[in-house]
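Please find below a colleague's note, set out as numbered points. It is meant to be read with the coordinates open.

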Amino acid sequence: MSSSAPTRWTEPEMHKRVRRRYASERRFRAFGFAAVSISVLFLAFLLFSMGAKGLGGFVQYQAALPIDFGKSSLFLDPATLRGPDAAQTVAGADLETAISQAATAAYGPDAAEMFGDAAVNVLTRKIVADPNILTGTPTLWLPVGSKVDVAAKHDADPASEHLVNLLKSKNALRSAFNMEFLTQSDSTDPSAVGIWGALKGTFLTILVTIGLAFPVGVLAAVYLEEFAARNRWTDAIEVSINNLAAVPSITFGLLGLAVFLNVMNLPRSAPLVGGLTLALMTMPVIVIAGRNAIKTVPPSIRDAALGVGASKMQVVFHHVLPLALPGILTGTIIGMARALGETAPLLMIGMRAFIAAPPTGISAPATVLPVQIFLWSDEVDRGFVEKTSAAIIVLLLFMLVMNGLAIYLRNRFERRW
Amino acid sequence: MDMKEKTPMTSTTPVTEPELPPEPEDTELHAPKINVSAEAKIEEKQALDPDREPKMRANNVAVYYGEKQALNGVSIKIYEDLVTAFIGPSGCGKSTFLRCLNRMNDTIPSARVTGTITLDNEDITSAAMDVVQLRARVGMVFQKPNPFPKSIFENVAYGARIHGLSNSKADLAEIVEKSLRRAGLWDEVKDRLEESGTALSGGQQQRLCIARAIAVDPEVILMDEPCSALDPIATAKIEELIHELRGRYAIAIVTHNMQQAARVSQRTAFFHLGELVEYGKTSEIFTNPSQQRTQDYITGRYG
């Protein structure tokens with residue numbers, strides 16, 4: 001069509017062109033829908049397989065065990081179990097043998113090893129709570145050992161299967177919610193493992209990370225964006241920060257090992273060191289998100305504040321920062337979610353150690369959820385399979401709660417401003 | 001610069017029909033003569049002592065943005081009981097000059113200002129001048145209404161609060177009420193002071209911005225095209241407000257609307273291509289300008 005001729009809007013050529021445009025739009029929408037569907041499918045598969053495998057971890061089989069404490073060789077006197085040292089005294093007694101003897105007496109010699117560490121833990125707590133049971137012959141519901149637990153849930157070796165059938169026929173087997181899993185820490189016996197130690201370790205580590213990375217990251221962003229002169233140095237800093245955000249996490253682990261452990265001699269395996277390392281990793285993300293959020297604050301607001309005589313500092317802290325906060329929080333959520341799921345750098349600073357008790361503080365030895373999952377997934381015992389999946393569920397829930405909290409905070413600030 | 005858009009006029013007589021009215025208020029822009037209000041003329045006579053001390057005095061001010069010179073050798077006086085209007089086509093430097101008067105140009109890293117500007121004979125361009133205090137004494141109202149995304153009360157109270165002008169909550173509330181009253185907004189917002197300032201209409205927002213400026217009790221108020229984003233009714237209200245504020249504050253206003261300059265001001269400065277072409281009494285600038293360029297501009301031959 002020559003440029004001087006008027007455009008003929010009604011001729012078929014034009015209709016065809018319009019149809020082509022609509023067709024391409026439909027294609028694009030179909031692609032987009034397909035992409036979203038595939039991700040939803042993967043997410044559903046992940047959640048389903050985690051749920052199917054992991055929910056079993058929250059269930060625990062318990063067997064009824066009549067114990068004749070008089071016949072057992074425990075030598076525990078209820079009268080001595082009234083003080084604060086009671087737990088220690090009971091722990092010193094050989095409950096394992098007592099349980100084994102009682103099980104043999106009740107269900108035959110095959111049952112000698114049907115109970116594990118979990119049963120010992122539960123029995124200890126029961127005796128401490130009520131020492132008077134030592135004087136009688138109570139029937140107690142105790143969690144069964146890993147072999148019987150696996151046999152009750154799935155299928156296992158014939159001996160355990162036989163034992164399960166025997167218990168079922170005597171009405172001596174029941175399933176219950178596994179409180180042990182939420183309140184105990186790591187153990188070599190899968191029936192006795194719990195997530196609490198790792199959960200507390202994660203909590204303390206993230207606390208250190210947020211406490212360090214958020215203020216430092218935000219202040220760095222504010223300084224770079226509002227106060228720093230634009231020159232070669234700030235350009236170099238900007239490039240470094242952008243590169244740091246993309247550095248593989250294990251590198252930060254090596255840095256943490258070299259600086260915090262070897263130079264500063266901080267304790268190994270501690271949430272403090274883990275938090276410091278993760279803070280190093282998260283800070284660039286927060287700085288970048290913070291700078292972008294600060295850049296989007298309209299200049300008219302700065303002008304308005306400057307116009308009534310606010311100082312630079314007042315402009316930043318009264319107006320710019322509150323308006324940028326939702327954006328900064330978004331970046332922080334992304335950074336924290338990444339830090340929460342990080343394993344590699346923590347392995348470097350010794351958080352893969354076997355820790356059987358929850359950490360008492362940020363400098364006590366601890367492990368974190370992702371590392372705990374990694375450790376359990378490496379175990380040979382079949383009882384650990386569902387514990388691993390259950391731990392993943394706990395990790396996902398923890399992440400969900402944390403992100404939910406952050407999003408709630410963000411929306412609150414958005415409403416206010 | 002507006003020079004490219006300027007169409008050479010073939011006819012020497014002023015054009016009477018509005019060819020390209022950009023804004024409703026501008027429909028009369030091409031009228032040959034602009035009426036200066038009678039009231040303004042009378043008041044002008046009373047305040048016409050040429051030797052008296054101006055509130056602000058600019059002497060040979062030039063502004064550079066990097067290599068580019070935006071303003072050249074501007075000398076002007078702003079009196080405390082008069083409204084001074086800066087007119088001229090877009091890009092002529094009038095806003096740049098206005099922003100020199102409270103050193104808002106400091107926020108542009110490449111901007112450089114030479115010459116002297118005094119406020120009560122004190123040089124405000126010197127490093128010794130405290131910018132924060134200067135901006136409290138020389139308040140500013142911007143082209144686009146820019147209330148803080150906070151409550152109406154907070155908007156007005158902010159300046160007083162950061163400068164510590166109030167001793168108590170009651171004090172602060174009084175300042176807010178007084179300022180809103182002076183800005184002619186009190187009756188409209190007194191029942192919803194806790195609502196967001198951004199929820200107001202454009203004209204109300206601009207009056208809120210004026211209230212915010214006068215809440216810190218400034219000596220001079222600079223207005224940078226305060227009505228260009230408003231409709232004629234809101235514009236009329238702002239102009240009325242300027243009338244009421246005159247005498248209490250020295251006012252300098254940048255405007256594209258020559259009608260407005262004639263209506264609200266007693267002194268007018270015409271800027272063109274970064275130069276101050278003519279500065280004088282509004283009545284003389286609009287009725288009997290001494291410069292050909294001024295004549296061409298006010299009769300609508302430019303822009």
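1. A residue is called buried if 20 or more other C-beta atoms lie within 10 Å of its own, exposed if 12 or fewer, and partly exposed in between. These cut-offs are needed for the points on individual residues below, and it should be kept in mind throughout that this is a predicted model.

2. On overall confidence, the model scores ipTM 0.79 and pTM 0.80. For chain B the mean pLDDT is 83, with 83% of the residues of that chain at 70 or more.

3. The start of chain B calls for caution, since over residues 1-32 pLDDT stays under 50. The model nevertheless has 33 contacts beyond four places in sequence for this stretch of chain B. Where pLDDT is low, the predicted coordinates should not be read in detail.

4. Chain A holds 16 helices and 3 strands. Its radius of gyration is 30 Å, which is well over the 22 Å that the globule rule gives for 417 residues, and chain A is therefore more spread out than a compact globule. The C-alpha trace of chain A spans about 110 × 65 × 40 Å along its principal axes.

5. Of the 417 residues in chain A, 38% are buried. Among the contacts in chain A with a separation of 6 or more, 76% are accounted for by residues 24 or more positions apart.

6. The secondary structure of chain B consists of 11 helices and 10 strands, and 44% of its 303 residues count as buried. Residues 24 or more positions apart make up 70% of the contacts in chain B that have a separation of 6 or more.

7. Two backbone angles in chain B deserve a look, given that most residues other than glycine have a negative phi. B:Asn60, which lies in strand β1 (residues 56-65) of chain B, has a positive phi near 55 degrees. Is B:Asn60 buried or exposed? B:Asn60 counts as exposed because it has 12 C-beta neighbours inside 10 Å, and a residue with 12 or fewer falls in that class.

8. The second such angle belongs to B:Asp120, whose phi is also positive, near 50 degrees. B:Asp120 is placed in the loop between β4 (111-119) and β5 (122-123) of chain B. With 14 C-beta neighbours inside 10 Å, B:Asp120 lies between the cut-offs of 12 and 20, and so counts as partly exposed.

Technical notes
Residues numbered from 1 in each chain as written. Chains lettered and ligands numbered in written order. Predicted model: local features only at pLDDT ≥ 70, side-chain atom pairs only at ≥ 80, totals over all residues. pLDDT = per-residue confidence, 0-100. Contact = placed C-beta atoms within 7 Å. Helix = DSSP H or I, 4+ residues; strand = E, 2+ residues; numbered from the N terminus. Rg over C-alpha atoms; globule rule 2.2 N^0.38 Å.
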